[in-house]
Amino acid sequence: MVLSKTSSESDVSVHSTFASRYVRTSLPRFKMPENSIPKEAAYQIINDELMLDGNPRLNLASFVTTWMEPECDKLVMAAINKNYVDMDEYPVTTELQNRCVNMIAHLFNAPLGESETAVGVGTVGSSEAIMLAGLAFKRKWQNKRKAEGKPCDNPNIVTGANVQVCWEKFARYFEVELKEVKLRNGYYVMDPVKAVEMVDENTICVAAILGSTLNGEFEDVKLLNDLLVQKNEETGWDTPIHVDAASGGFIAPFLYPELEWDFRLPLVKSINVSGHKYGLVYAGIGWVIWRSKQDLPDELIFHINYLGADQPTFTLNFSKGSSQIIAQYYQLIRLGYEGYKNIMENCQENAMVLKEGLLKTGRFNIVSKDNGVPLVAFSLKDNCRHNEFAVSDMLRRFGWIVPAYTMPPDAQHVTVLRVVIREDFSRTLAERLVVDIEKVLHELDTLPAKIDAMMSVSAREDKGPNGGVLKKTALETQREITTVWRKFVIERKKTNGVC
């Protein structure tokens, strides 16, 4: 136990935390302080800094859950000191994880027998789940190639350019070539036809996205499966499919139960889903489910006994908290199919309210689809004077965090804003957001001609060989405006103080 040094000039008798010397004097930022301080002062110092964070409820950039019921919060706090990996010490927690795996596997229509248990594992999120699924595909492909006497040093994965960055991490960290299907204007997900054309004998799997991060759209896994079945028959290959259902895995079964995207399709061998997104659990839980034991090579599973009993483990990390697993089990039994369906329908309805409000302004094009993850992605119809980055930046004045971003290749000339509709985003907040967006647009419309002046300077720099101004295409003009606004926003952030 560490005791604070005190002296006759200390603030032992001072009852106000803010009057204490600990709060009035700054602590070193990047070195551990020499002396300890009272717990009240440490709490206050950290709490004061955290006040400058954004409000999680108004962070409309994130898919991650920001609200759970108080009863679930209590369970989380009660298990905060349990290390999940100690399965022998915490057997009930292990049992709850196994129940979650089986519930999710049945939700995804895994072909399980009456007494057969599902194959899957809880992870810290979909990123780890994708790494594990990718490793299973790579090892199974390598084993087959070795058995056939063929080289196995050049594996690849086929995906769309709209995949989340964790796929790029997997490819780089585990030396797998990432073959991306480029997007195109108006079509912002992977084209199944082009994806199958890119498949070759070194393809360990094709990754389909159920709920694109960019616009929430579901990729056509059924068409991908049918085309790939045909190609496998023609070539003798057995290229499988992985479904990245990080966002859509807890949506499709409730809103679109007839949609075939899961283990009902024979080539789908594994699926990942984020429990901390529409699984309705705080950040730190994901799941990966395999179709059968044959799809997870045995050599990837480790067995340990130094925690008290033989324990199989297939994870990238070792220690992790139990709280999120317990919270996931709570949500599954508390809500059931009916509860999840009600919540997803409510999210979808609120997305429609926001979409209709934006359309009524007459200023936006809607980029997202009605069927998919409940979000609204939209872009300005006219961005000659100001663009989506300016709208995003100025919405922060009202507390809203709404991201603006450009699409991946070959649609990088398209810039969009995106609002993710979560359980705690009510209809009232949706209506309020539209009002604030209209205020921002009005303010931007009346801004001084600073941007116009900057554009004029840029135009003077683009002289032709005879001194005339070079005529630019609409795409070049849009890109230039985007670049100017980015510089403008960065300069404002450098010069603005905190009030």
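Two strands pair if DSSP finds at least two bridges between them, where strands (E, at least two residues) and helices (H or I, at least four) are DSSP runs numbered from the N terminus. This is a predicted model, in which local features need pLDDT of at least 70 and side-chain atom pairs count only at pLDDT 80 or more, while totals for chains, interfaces and linings use all residues. Residues are numbered from 1 along each chain as its sequence is written, and side-chain values use heavy atoms, leaving out hydrogens and water.

**Exercise 1.** Find how strands E4 and E5 pair.

*Solution.* Start with E4 at residues 203-209 and E5 at residues 241-244. They pair in the parallel sense over four bridges. For one bridge, go to Ala207, whose partner in E5 is His242.

**Exercise 2.** Place these strands in their sheet and find its edges.

*Solution.* Read the order of this open, seven-stranded sheet: E1-E7-E6-E5-E4-E2-E3, with mixed pairing. Strand E1 (119-123) and strand E3 (177-181) each have a single partner strand, so they stand at the edges with one side lacking a neighbour in the sheet.

**Exercise 3.** Describe how helices H4 and H10 meet.

*Solution.* Take H4 (residues 91-107) and H10 (residues 323-361): their axes come within 9 Å and cross at roughly 50°. Axes are lines fitted to C-alpha atoms, for helices over the stretch in contact, and angles run from 0 to 180 degrees between N-to-C directions. H4 is therefore oblique to H10; angles under 35 degrees count as roughly parallel, over 145 as roughly antiparallel, 65 to 115 as roughly perpendicular and the rest as oblique. Now look at the contact (heavy atoms within 4.5 Å): among its residues are Leu96 and Met103 of H4 and Tyr329 and Leu332 of H10.
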